[in-house]
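Reader: I would like a close look at the internal spaces of this predicted model. Please take the cavities and what lines them, then go on to the pockets and the parts around them.

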Amino acid sequence: MTASTLYDKVWDQHVVKQYDDGTALLYIDRHLVQEVSSPQAFAGLVAEGRTLRRPSAHIAVADHAVPTRMRHLPLPDGLASRQVSRLEDNCKRFGIHYIPMRDDRHGIVHVIGPELGFTLPGATLVCGDSHTSTHGAFGAIAFGIGASECESVFATQALRQRKQKTMRVILNGALTPGVAVKDIILALIAKIGTNGGVGYAIEYAGPAIATLSMEARMTLCNMSIEAGSRVGMVAPDDTTIAYVRGRPLAPTGADWDAAVAHWRSLPTDPGARFDREVGLDVSALTPHVSWGTNPGETAPVSETVPDPAAEPDPVRRDKMERSLRYMDLKPGTPLNSIAIDRVFIGSCTNGRIEDLRLAAKAVAGRKVASTVSGIVVPGSAAVRLQAEAEGLNRIFLDAGFEWRDSGCSMCVAMNDDRLEPGERCASTSNRNFEGRQGRGGRTHLMSPAMAAAAAIAGHLIDVRTLDPAP
């Protein structure tokens, strides 16, 4: 019997039909629906007079455009209000379970899926959002899709897809204090490039994986898309099973026992071959920050802004020069001297309770610099309630941060949470391209603790060197 990878096993178990052109009809177990990508898909169903094949396989929530403050007030007239109303109406029409904005289960779609137990190991899961790769942390094949594909999943519960090649990223060693999983993924992208994962489904493996929480694994898989891959996966293990157990939509009783037995069969077989392998010693990592306009333009915070003149590749040199012009940075500038205006802690990458605990630890007993304003946006209402029960919100408020309701917020700048032209932000989000957090805004990606430390110092800084709290 041929040894198989995790990706191969889950893929093969969901193939409905294989086509001569190498594509396959893939059955889709789960579909997460939000307000930005779904309107065209619903409109297509209406135009063709179609119904949903399996309404129970879909959950909907508005997360991109919703406000993160004054949540008790009606949404003002505008695009966000229309998007949310349209999603509510479509869910009623087609019988999809919709989670309202003021519900205690509300949140970013990639945070609430795992919280609810809607995300399960060995499943296929899609959403009209590229960071659907997050759910691969559970051993699921999860990927973002477009509006026409959303319509196909609504109507047929299947998609025609081409199987990806496989890449294994082996993480050796253990993280040292002050270094986070965000530093792992930023260092990996800097190593292989933002196109390094194109055409590959990535499996993260190695000794370091066993030590990572599910929150950390979700961060890792979340930013696989920034490495060019649509799919990032971690094999299910005891940590996975403990996280899923007891979730509202998780299996129970005999179904739970059968599911666990199946999940334990999914890890990659010994001797299975990958098309590419990459290794990274995480014990050698230090805190990283981005300096340019893609996540690959990243370096340890202890280094300096690179000089494009030293880059022999003319295409890369031109890209570096453009990035530095937009970011208003000069070669040779110490990264830890770059002053910031704003701090954003949140997003589907780093808006979970573990992320907020790490950020709160960095700011406890300290004050945000007078030149900086910062917001903390929990990834879900459940995370917000848990943080408030632990007193984390009080730590942030006492330090000078704003404490917000759940949503995508400044990560995507589709509501009032955005940078003004020229403002520089220490951000825990996933993308830093031009205008991502607001037109003319400049984004530096980093871990929650690093963003919190930058807020205190007023500039980028290694959290490990932050002055002791008074």
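Author: What follows starts with the enclosed spaces, moves to the strands and buried parts, and ends with the open pockets.

The model is predicted, so every statement below concerns computed coordinates. The count of cavities of 30 Å³ or more comes to two. The largest cavity holds about 70 Å³ of space. Its lining consists of Tyr7, Trp11, Leu26, Ile141, Phe143, Gln161, Arg162, Gln164, Arg230 and Val231. Three elements give two or more residues each to this lining: α1 (6-12), β7 and β8 (158-162). By class, the lining has six nonpolar, two polar and two charged residues.

The second largest cavity has a volume of about 40 Å³. Leu6, Tyr7, Thr166, Ala201, Ile202, Glu203, Met233 and Phe274 line this second space. Tyr7 is thus listed for the largest cavity and again for the second largest. At least two lining residues of the second largest cavity come from α1, and at least two from β10 (200-205). The largest share, three residues, is supplied by β10. Sorted by class, the residues around the second largest cavity are six nonpolar, one polar and one charged.

Strand β7 deserves a separate look. Among the residues lining the largest cavity are Ile141 and Phe143. In β7 (residues 141-144), Ile141 and Phe143 lie on one side, while Ala142 and Gly144 lie on the other. All four are buried, and both faces of the strand are therefore covered, buried here meaning under 20% relative accessible area. In general, the side chains of a regular strand alternate between the two faces of the sheet. The partner of β7 is strand β6 (residues 124-127), with parallel pairing over four bridges. Threonine 124 stands opposite isoleucine 141 of β7.

Cysteine 127 is buried, with a relative accessible area of 0%. Its sulfur is 7.0 Å from the closest cysteine sulfur, that of cysteine 150, which is too far for a bond. A search of the whole structure finds zero disulfides. Cysteine 91 is likewise in no disulfide, and the nearest cysteine sulfur, again that of cysteine 150, is 12 Å away. Cysteine 91 is buried too, with a relative accessible area of 2%.

Burial also marks helix α8 (residues 214-222). Nine of its nine residues are buried, so the helix is largely enclosed by the rest of the structure. The buried residues of α8 include charged ones, Glu215 and Arg217. Met214, Ala216, Met218, Thr219, Leu220, Cys221 and Asn222 are buried in α8 as well.

Now to the open spaces. About 520 Å³ of space lies in the largest pocket. Of the 25 residues that line this pocket, Pro177, Gly178, Val179, Leu358 and Ala449 are the closest to its centre. Helices α6 (181-192), α13 (353-363) and α16 (448-457) each supply at least two lining residues. The most comes from α13, with five residues. The lining of the largest pocket divides into 13 nonpolar, six polar and six charged residues.

The second largest pocket has a volume of about 400 Å³. Its lining has 21 residues, and those nearest the centre are Pro67, Pro76, Ala80, Asn415 and Asp416. By class, these 21 residues divide into 11 nonpolar, five polar and five charged.

One further part is an open sheet of five strands, in the order β17-β16-β15-β18-β19, with parallel pairing. The edges are β17 (402-403) and β19 (442-445); each has a single partner strand, so one side of each is left without a neighbour in the sheet. Further in, strand β15 (residues 342-345) and strand β18 (residues 424-427) pair in the parallel sense over three bridges. Arginine 342 has cysteine 425 of β18 as its bridge partner. As a general point, strands of a sheet pair through backbone hydrogen bonds, either parallel or antiparallel.

To return to the request, the enclosed spaces are two cavities of 30 Å³ or more, with about 70 Å³ in the largest and about 40 Å³ in the second largest. The open spaces described are the largest pocket, at about 520 Å³, and the second largest, at about 400 Å³.

Key:
Residues are numbered from 1 along each chain as its sequence is written. This is a predicted model: local features need pLDDT of at least 70, side-chain atom pairs count only at pLDDT 80 or more; totals for chains, interfaces and linings use all residues. Side-chain values use heavy atoms; hydrogens and water are left out. On a 1 Å grid over the protein atoms alone, a cavity is a set of points where a 1.4 Å probe fits but cannot get out, and a pocket is an open set with protein on both sides within 12 Å along at least five of seven lines; lining residues have an atom within 4 Å of a point. Grid points are joined across faces, edges and corners, and a volume is the space filled by probe spheres set on the points. Two strands pair if DSSP finds at least two bridges between them. Buried means under 20% relative accessible area, exposed over 50%, partly exposed in between (1.4 Å probe, protein chains only). A disulfide is a pair of cysteine sulfur atoms within 2.5 Å.
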